[in-house]
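Got the viewer open and a selection tool handy? Let's take a short walk through this one, stop by stop.

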Amino acid sequence: MEPNSISAESTLTSSSLAFFIRPASNESVEIKLAFLKSHPIQPLVLSNDKLPFDPQKMYYQTLSDSQKVQRKWLSYCSYSKRIFCTTCMTFCPRRENISNLVTGLEVLNSKNVYGTVKKHEQSKTHGEAVSALLQANLNKNIESCININLREIHSKEVEFNRLVIKRLIDIIMFIGRQGLAFRGKDEAAYSLEDRTINHGNFLELVLLRL
């Protein structure tokens with residue numbers, strides 16, 4: 001079973017480290033979510049070396065019913081040979097005792113790397129980071145829906161105003177072509193609903209087309 005987010009690395013340079021630079025805590029939610037779009041980075045094979053761990057055990061969590069679920073929060077930097085929790089890197093509050101998966105856990109120097117990963121994903125800190133990520137995505141979706149609705153309302157208003165202006169131009173051209181007077185005896189706005197009053201050619205034509 002190979003998830004579509006797992007990629008095979010062929011050539012790695014120092015530029016690969018850019019994907020593992022932790023966003024600042026005061027960065028906007030948009031920047032933090034953009035950082036996560038580059039993850040997970042979970043190579044199955046390397047060009048010049050072999051993985052120092054079993055990718056099936058590292059990249060997947062085995063549930064009680066033996067079902068495997070991909071750890072989408074986990075990324076491996078083959079340049080530094082460290083594993084990271086990108087969710088905690090992005091949304092974990094900066095504390096003194098932060099998880100070593102935030103700064104990068106050296107796989108080669110870890111005695112029980114699988115146990116460390118399992119302990120981390122069950123930790124309160126990781127749970128808080130996951131909750132913060134879910135809330136950020138929820139807020140973004142709500143904001144997107146609001147923006148879409150506002151754009152639709154704005155588009156309808158623009159179209160309506162365009163039609164109004166077109167009608168006014170048509171009326172002005174008609175009056176000019178016929179050589180008629182524009183103004184009437186009573187053009188007050190408060191009297192426009194009184195159809196017994198002659199408001200002049202321009203306003204009468206406007207009212208006629210409403």
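**Stop 1: around H126**

Select H126 and show whatever touches it: setting aside neighbours within four places in sequence, H126 is in contact with W73, C85, C88, H120 and E121. Keep in mind that what you're looking at is a predicted model. H126 sits in helix α6. Is H126 buried or exposed? Its relative accessible area is 4%, and since buried means under 20%, H126 counts as buried.

**Stop 2: from E121 to R71**

Keep E121 from that contact list and add R71 to the selection. E121 and R71 form a salt bridge, with the closest N and O atoms 2.8 Å apart. Which parts of the chain does the pair link? E121 belongs to helix α5 (residues 113-121), while R71 lies in the loop between β2 (68-70) and β3 (74-77); they are 50 residues apart, so the pair ties together distant parts of the chain. Now colour by accessibility. E121 is buried at 13% relative accessible area, and R71 is buried too, at 6%.

As background, side chains of opposite charge can pair when their charged atoms come close. By the rule used here, the count comes to four salt bridges, and the tour takes in two further ones, starting with R82.

**Stop 3: R82 and E106**

Select R82 and E106 next. Their salt bridge has its closest N and O atoms 3.0 Å apart. This pair also links distant parts of the chain: R82 is in strand β4 (residues 82-85) and E106 in strand β5 (residues 105-106), 24 residues apart. How accessible is R82? R82 is partly exposed, with a relative accessible area of 24%. E106 is partly exposed as well, at 34%.

**Stop 4: along helix α6**

Go back to helix α6, the home of H126, and pick D170 and K166. These two form a salt bridge, the closest N and O atoms being 3.3 Å apart. Why are D170 and K166 separated by about one helical turn? Because they are four residues apart in helix α6 (residues 124-178). D170 is partly exposed, with a relative accessible area of 29%.

**Stop 5: one face of α1**

Last, select helix α1 (residues 29-36) and highlight its buried residues: K32, L33, F35 and L36. Turn the view until you're looking down the axis of α1. The buried residues fall within an arc of 155°, so they line one face of the helix.

How values were computed. Residues numbered from 1 in each chain as written. Predicted model: local features only at pLDDT ≥ 70, side-chain atom pairs only at ≥ 80, totals over all residues. Heavy atoms only, no water. Salt bridge = Lys/Arg side-chain N within 4 Å of Asp/Glu carboxyl O. Helix = DSSP H or I, 4+ residues; strand = E, 2+ residues; numbered from the N terminus. Buried < 20%, exposed > 50% of the residue type's maximum accessible area, 1.4 Å probe, protein only. Contact = heavy atoms within 4.5 Å. Arc of directions from axis to C-beta.
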